[in-house]
Amino acid sequence: MHIHLINPSHVSFGIGVITPRWLYVLADATPRAMGDPLIVDETLEPLEPSTIEAGDIVGIGIHTGNALRGYEIGRIARAAGAFVVFGGIHATLFPEEAHELGAAHAVVKGDGDLAWAQVIDDCTRGACQKIYEGGRVEPEGLRPARWDLMPPDRYMWASVQTVRGCPKHCSFCSVWKTDGQRPRQRASDIVVREIVELRRRGFRFIALADDNFYPVTLTDLQMASRRNDLAQYETLKAIRDERFELMRRLADLPDDMVFFTQITMEAAEDPEFLEAMNKARIKGALVGVESVTPEGLKDVHKGFNAAGDQLIDRLRAFKHHGVHVLGSFIFGLPSDRQSTFDATVAVAQQAGVTFAQFVMLTPFPGTTDFAAWEKSMESDTTRIAGAPLTRHWLIPQEQRPKVYTPHPAMSPDDIRRGTQGAWDRFYSFRNIWERAHCVQSLKSRLAFVLISKLYRQMYANTGIATDSARVGRSAHWARWIIKPCRRLFSARPMPELTIPA
Ligand code: B12
Ligand code: SF4
């Protein structure tokens, strides 16, 4: 009897950009007596169904985007006589859907770190429950990853999570609702141990797969102090001190290491924090800019972000401290107009962001936006491939609409074309080459061009294009570019590396 862990994807690239961390965390949560789980990441290659046998236990992790393929795998596994278990954010939000469409025996809601062993035990005794409440596991209970099971030479970046949860409440994001608003921070010892293991194996690029690497801001501390809330102040201060402790220890790792994370732009007001990031070699951060106008920020409940000149100053502050920004922008907000596309690209360029992503507003389940949209769609009877629009993830990928929320001033195609245009302009060869001057040598500049092109092909063209020919071409190009990119990211293994104090 085997345990399988499967990360579904409808498109495989042969090489992956970032390791899907849940696979290796659940591998660690698998009792050793069960043997090593068989891990399949379909972003590398599709599942071979004949590997699943009667009596096996098949764990499938889904987010909204890959739920449909996940359900297909669930049905294949059940038909083969296996126990089918779903987990991940989408299964947490729609457990009954995984039962109905994914042929699940069981669904784990929330974190799998502790629940997974229980599920396996119950399945082997034939006493599997329909739902398991995995909950929000406290930091001490969060498992490390079994990197020894990772296939060699297949990923560019490994991912290590240092904190779960985010105190904010952005309208398009589900993290604060599913992972909670209280940051659950892993001890620096455990995080550093995992990173050292990865460097020993030849990974020098590590994504810190956090929702928000800056969970306590200077304003939070000032407010607690002004309220004379000593207990809250001490709690927040302890979280902040732990962040500095982690960064101090990252700084002691081999100096060829590079970290990337996700962070709110409030960190720009905290030079001490940015300097610590710089020393820790956190050389890149995804910053959720979302909108360049105050109205747009109001639309997404992100009043803590800046607009106008202050926005440009904040983004530049990161770069000033050696942290490259991947600016993330959303199009299709109610206050957006035709002029927003150009204005956004102009701000991205003026602010000197190194990479940018332009996404179209999508109502992801679990978000405030989704709840409002679902309510507004109550009387809508539109169905595509049998699925109502409010269950858009059940529509086959090639038939999925690109824009869901009606806009007061633009048609869905205006928004799609505007978004495509923003990618085209930001990633024109000329603009990429100009940005490539942020690195010194010609070799590094060429690498920068290659990576920019890969990013664009994988994320923009496959996500926005309406015709399948363009999607197909993009995936094809991405597969070509990804191989030399993988080589750029690999490093000599350092088996002798010790854990710094
Ligand atoms: C790192 C990350 C990425 C990375 C890397 C993805 C990768 N290869 O893993 C990148 C940058 C590529 C990325 C891209 C995107 N992401 Co993302 N990402 C994350 C992030 C920050 C961390 C994921 C992670 O590694 N967590 C650590 C692991 C250990 O936790 P976990 O995955 O939650 O797994 C635990 C449980 O869920 C459970 N579990 C999971 N699977 C299973 C399976 C079984 C059987 C069981 C029992 C339990 C179980 O147990 C695990 C351990 O506790 C999450 C936020 C988050 N908090 O999860 C968003 C998140 C998953 N991403 C999200 C989104 C929207 C996207 C994009 C669509 C963004 C965009 N607009 O382009 C793309 C989609 C890419 C794609 N096609 O898949 C959303 C998903 C929302 C949803 N409803 O699906 C999230 C939740 C963030 C958000 N703002 O809401 N992402
Ligand atoms: S978008 Fe970022 S800042 Fe906003 S709630 Fe989600 S993780 Fe937090």
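Reader: Let's start with the smaller list of neighbours: which residues are around ligand 2?

Author: Happy to begin there, with the reminder that this is a predicted model. The residues around ligand 2 are Cys166, Lys168, Cys170, Phe172, Cys173, Trp176, Asp211, Thr264 and Lys302.

Reader: How do those residues divide by class?

Author: The shell around ligand 2 has five nonpolar, one polar and three charged residues. When reading such a split, keep in mind that Cys counts as nonpolar.

Reader: With cysteines in that list, how many disulfides does the structure hold?

Author: The general idea is to look for paired sulfur atoms, with a cut-off of 2.5 Å. Here the structure holds zero disulfides.

Reader: And Cys170, is it buried or exposed?

Author: Relative accessible area is the value to read, and buried means under 20%. Cys170 has a relative accessible area of 8%, so it is buried. Cys438 has 27%, and because that value falls between the 20% and 50% limits, Cys438 is called partly exposed.

Reader: Now ligand 1, please. How many residues surround it, and which are the closest?

Author: Ligand 1 is surrounded by 35 residues, the closest being Thr64, Gly112, Asp113, Asp179 and Asp211. You have met Asp211 already, in the list for ligand 2.

Reader: What is the class make-up of that shell?

Author: Around ligand 1 there are 16 nonpolar, twelve polar and seven charged residues.

Reader: Which helices and strands contribute to it?

Author: A good habit is to map a shell onto secondary structure. Helix H1 (21–29) and the strands S4 (57–61), S5 (83–87) and S6 (106–110) each supply at least two residues. The largest share, four residues, comes from H1.

Reader: Which polar contacts should I look at on ligand 1?

Author: Check whether the protein partner is backbone or side chain. A nitrogen atom of ligand 1 is 2.7 Å from an N or O atom in the side chain of Asp179. On the backbone side, a ligand nitrogen lies 3.1 Å from a polar atom of Ile18, and a ligand nitrogen is 3.4 Å from a polar backbone atom of Gly88.

Reader: Last topic, the second largest pocket: what lines it?

Author: Start with its volume, about 330 Å³. The lining has 18 residues, and Pro183, Gln232, Thr235, Leu236 and Ile239 lie nearest the centre. Strand S10 (184–185), helix H8 (218–226) and helix H9 (230–251) each supply at least two of the lining residues, with H9 giving the most, five. By class, the lining divides into eight nonpolar, four polar and six charged residues.

Key. Residues numbered from 1 in each chain as written. Chains lettered and ligands numbered in written order. Predicted model: local features only at pLDDT ≥ 70, side-chain atom pairs only at ≥ 80, totals over all residues. Heavy atoms only, no water. Near = heavy atom within 4 Å. Polar contact = N/O pair within 3.5 Å; in protein donor to acceptor, adjacent residues only side chain to side chain. Buried < 20%, exposed > 50% of the residue type's maximum accessible area, 1.4 Å probe, protein only. 1 Å grid on protein atoms, 1.4 Å probe; cavity = no way out; pocket = protein on both sides within 12 Å on 5 of 7 lines; lining within 4 Å. Points joined across faces, edges and corners; volume = space filled by probe spheres on them.
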